[in-house]
Amino acid sequence: MKLLFIGDVIGRIGRDTVRKILPALKREEGIDVVIANGENSANSNGISKNSAEDLFTSGVDVITTGNHVFRRRDVYDYLDSNVPVIRPANLYPGTPGKGAYLLDMGRFQLYVVNLMGRSYMEPCDNPFLCADRLIEQAPCKMIFVDFHAEATAEKICMGQYLDGKVTAVIGTHTHVQTADETILQGGTGYLTDAGMVGPIHSVIGVKSEIAIPKMVTGMPARFEYAEGPCCFGSVFLEIDPSTGKSTHIKRILLK
């Protein structure tokens with residue numbers, strides 16, 4: 001089975017880039033399943049019903065999110081409906097949405113899990129213990145984990161902690177693709193961060209003329225997404241459905 005995971009999609013410009021690139025990429029690589037992180041897919045910030053549906057019509061099968069998932073109150077009911085959009089499973093009880101989704105493609109099943117880190121992030125439950133609970137109740141062998149976290153060390157720890165227990169652990173949140181893709185000793189595909197689909201000439205998607213003065217002066221600023229040429233950060237995995245192990249991993253960064 002061939003899987004493509006797309007890093008954080010940035011606003012309308014990121015969604016348009018996915019729509020332009022994804023169909024041909026699916027044909028070229030023979031991709032069976034596409035997962036994308038859509039927590040920044042709405043304009044300005046967060047995710048909306050329209051931005052999620054835009055990604056689905058572009059060829060995405062499941063959408064993961066992160067710490068910005070609840071920025072728009074009008075998405076709460078959508079998250080509670082039976083759509084393949086998930087939020088971090090280790091958020092506090094009572095929050096809208098679900099933390100995992102079973103994708104049933106007939107000839108195979110894939111359990112998609114979303115977790116969020118705790119280092120330099122908003123308060124949440126222990127992601128390692130939450131992962132244990134979800135894996136214990138997983139309905140199939142193939143388990144994909146989007147670990148939305150800031151600290152590289154925390155992501156590496158999660159990858160090694162889940163090695164041999166899940167198919168892949170791919171990090172998101174920093175919007176900067178890392179160069180450490182590997183198949184861990186237990187057969188788990190790993191990458192610290194998949195990067196983003198967003199404007200190249202920006203500060204992780206935000207207009208430089210807004211982000212830089214904030215860094216220099218420390219004064220608050222209303223962020224706006226940049227325009228211009230985009231990058232397409234993603235990772236490609238080949239998986240053995242009989243074992244649930246990854247057999248091949250490849251970073252993809254198109255500009």
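In this predicted model, Y120 sits in the loop between β6 and α4 (127-136). Phi of Y120 is near 65°, which is a positive value in a residue other than glycine. With a relative accessibility of 74%, Y120 counts as exposed. Another loop, the one between β8 and β9, holds H175. Here too a residue other than glycine has a positive phi, with H175 near 70°. H175, though, is buried, at a relative accessible area of 12%.

Now for the strands around these loops. Six of them make up an open sheet, and going across it the order is β5-β6-β7-β8-β10-β9. The pairing in this sheet is mixed. At the edges are β5 (100-104) and β9 (182-183), each of which pairs on one side only. As general background, the strands of a sheet pair through backbone hydrogen bonds, either parallel or antiparallel.

Starting from the β5 edge, β5 and β6 run antiparallel and are joined by five bridges. One of the pairs puts A100 together with its bridge partner V113 in β6. The two strands form a hairpin with four residues between them, and in the turn G106 has a positive phi of about 85°. What about the surroundings of β6? Seven of the eight residues in this strand (residues 109-116) are buried, so β6 is largely enclosed by the rest of the structure.

Moving along, β6 pairs with β7 in the parallel sense, this time over six bridges. L115 stands opposite F147 in β7. Next, β7 (residues 143-148) and β8 (residues 168-172) also pair in the parallel sense, over five bridges. Here T172 in β8 is the bridge partner of H148.

Strand β7 also carries D146. This residue is buried yet has no salt bridge. The nearest side chain of opposite charge belongs to K155, 7.7 Å away, and a salt bridge needs the atoms within 4 Å. Not counting residues up to four places away in sequence, D146 touches F5, N37, T64, T65, V113, N114, L115, I170 and T172.

A second aspartate tells a similar story. D8 lies in strand β2 (residues 8-9), and it is buried without a salt bridge. For D8 as well, K155 has the nearest side chain of opposite charge, 7.5 Å away. The side chain of D8 does have a polar atom 3.3 Å from the backbone nitrogen of H173. Leaving aside neighbours within four places in sequence, the contacts of D8 include N37, H148, T172 and H173, along with the loop residue H175.

That leaves the nonpolar interior. Generally, in soluble globular proteins, nonpolar side chains tend to be buried together. In this model the largest nonpolar core has 26 residues, and those touching the most other members are L4, I6, V18, V60, I63 and V85. Several elements supply at least two residues each to this core: β1 (2-6), α1 (11-29), β3 (33-37), α2 (49-57), α3 (76-80) and β12 (230-240). Apart from this core lies another one, made of 22 residues, among them V33, I35, V112 and F144.

V18 gives a closer look at the contacts of one core residue. Setting aside residues up to four places away in sequence, V18 touches I6, V9, P23, L55, S58, V60, V197 and F232. Two of these, I6 and V60, appear with V18 among the core residues that touch the most other members.

Key. Residues are numbered from 1 along each chain as its sequence is written. This is a predicted model: local features need pLDDT of at least 70, side-chain atom pairs count only at pLDDT 80 or more; totals for chains, interfaces and linings use all residues. Side-chain values use heavy atoms; hydrogens and water are left out. Buried means under 20% relative accessible area, exposed over 50%, partly exposed in between (1.4 Å probe, protein chains only). Lys and Arg count as positive and Asp and Glu as negative; His and the chain ends are not counted. A polar contact is a pair of N or O atoms within 3.5 Å; within protein, one must be able to donate a hydrogen and the other to accept it, and residues adjacent in sequence count only if both atoms are side-chain atoms. Contact means heavy atoms within 4.5 Å. A nonpolar core is a set of buried Ala, Val, Leu, Ile, Met, Phe, Trp, Tyr and Cys residues joined through side-chain atoms within 4.5 Å. Two strands pair if DSSP finds at least two bridges between them.
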